[in-house]
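User: I am new to this structure and would be grateful for a close look at a single part of it. Please choose one strand and explain how it is placed among its surroundings.

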Amino acid sequence: MSFEPQPLNPLGWIILLLVGIFSFFLGSAQVSSTSVMPVPSQDRPLVEVGPVTLAPGMPPNAELLGVRDFEIHAAKGTPPQISVAVNGYWPDGCNFPSEIQVTRTVDIVTVRIFRITQPNVMCTQMLQAYAAEVSLTDIMMEGGAFRSGSYTIDVNGVVQQASF
């Protein structure tokens, strides 16, 4: 007894076509759910910035910089020159201007680096490096004199302790 293949009837072709289309869309749905993983540079791990409450007065479409790390610099003088060198990244290739807010409450200095994003703007999907030097000297002055002591420095949720 020999078996010979039979041609598919039109209904078989339609079912085969629908299965192929369904498989295509199911496969593309899985691909679109992948996310871009940040790649650390200079062998330093990225610091994941959790949800940070934006300071009052920041617009709702403000996007915080992802801070990788920062260094506190103190130069002797009258008054001492205090600054932080911040390294971070923006999550995409858009070039919106960045803004910096610096506030102090007694012994906590808070630095917020952010940019105002525009709705419905398409951006390339790549990390964009960012570096800035932010002066803290003016914010640490009280009544014309530098207030020495121990401080907590918070840059977009990444915190360090320092004494001046």
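Analyst: Strand S3 pairs with strand S6 through 8 bridges, and the two run antiparallel. This is a predicted model, and the description that follows takes S3 as its centre.

Two residue pairs show how S3 and S6 are aligned. Gly88 lies opposite Tyr130 in S6, and Ala85 faces Glu133 in S6. Strands of a sheet are held to one another by backbone hydrogen bonds, in either a parallel or an antiparallel arrangement.

The other partner of interest is S2. S2 and S3 are also antiparallel, with 9 bridges joining them. One of the paired positions is His73, whose bridge partner in S3 is Ser83. The connection from S2 to S3 is a hairpin, with 5 residues between the two strands.

Taken together, these pairings give an open sheet of 3 strands in the order S2-S3-S6, with antiparallel pairing. S2 and S6 are the edge strands, each of them pairing on one side only. On average, neighbouring strands of this sheet are turned by 15 degrees against each other, direction ignored.

How much of S3 is covered? Of its 10 residues, 8 are buried, so the strand is mostly covered. In a regular strand, side chains alternate between the two faces of the sheet.

S3 also has a part in the nonpolar interior. The largest nonpolar core has 20 residues, and Phe70, Val86, Ile113, Leu136, Ile153 and Val155 have the most contacts inside it. Strands S2 (66–75), S3 (81–90), S5 (108–116), S6 (128–135) and S9 (150–155) each contribute at least two residues to this core. S3 gives the largest share, namely 4 residues. In soluble globular proteins, nonpolar side chains tend to be buried together.

Phe70 offers a detailed view of this core. Leaving out residues up to four places away in sequence, Phe70 touches Val84, Ala85, Val86, Ile153, Val155, Val158, Val159 and Gln160. Ala85 therefore appears twice in this account, since the residue that stands opposite Glu133 in S6 is also within 4.5 Å of Phe70 by the contact cut-off. A second core, separate from the one just described, has 5 residues, including Met58, Ala62, Phe114 and Ile116.

Strand S9, which supplies residues to the largest core, also contains Thr152. Is Thr152 buried or exposed? Thr152 has a relative accessible area of 19%, and because the limit for a buried residue is under 20%, Thr152 counts as buried. The side chain of Thr152 makes a polar contact of 3.1 Å with the side chain of Gln161. Apart from neighbours within four places in sequence, Thr152 is in contact with Asp107, Ile108, Val109, Val159, Gln160 and Gln161. Val159 and Gln160 are also among the residues that Phe70 touches.

Beyond the strand itself, a covalent link deserves attention. The whole structure has 1 disulfide, and this bond joins Cys94 to Cys123 with an S to S distance of 1.5 Å. The link is left-handed, with -80 degrees about the S-S bond. Cys94 lies in the loop between S3 and strand S4 (98–105), while Cys123 lies in the loop between S5 and S6; the two are 29 residues apart, and the pair links distant parts of the chain. Cys94 is buried, with a relative accessibility of 10%.

In summary, S3 pairs with S2 and with S6, and gives the largest share of the largest nonpolar core.

Terms used: Residues numbered from 1 in each chain as written. Predicted model: local features only at pLDDT ≥ 70, side-chain atom pairs only at ≥ 80, totals over all residues. Heavy atoms only, no water. Core = buried A, V, L, I, M, F, W, Y, C linked by side-chain atoms within 4.5 Å. Buried < 20%, exposed > 50% of the residue type's maximum accessible area, 1.4 Å probe, protein only. Polar contact = N/O pair within 3.5 Å; in protein donor to acceptor, adjacent residues only side chain to side chain. Disulfide = S-S within 2.5 Å. Pairing = 2+ DSSP bridges. Axes fitted to C-alpha atoms, helices over the stretch in contact; angles between N-to-C directions.
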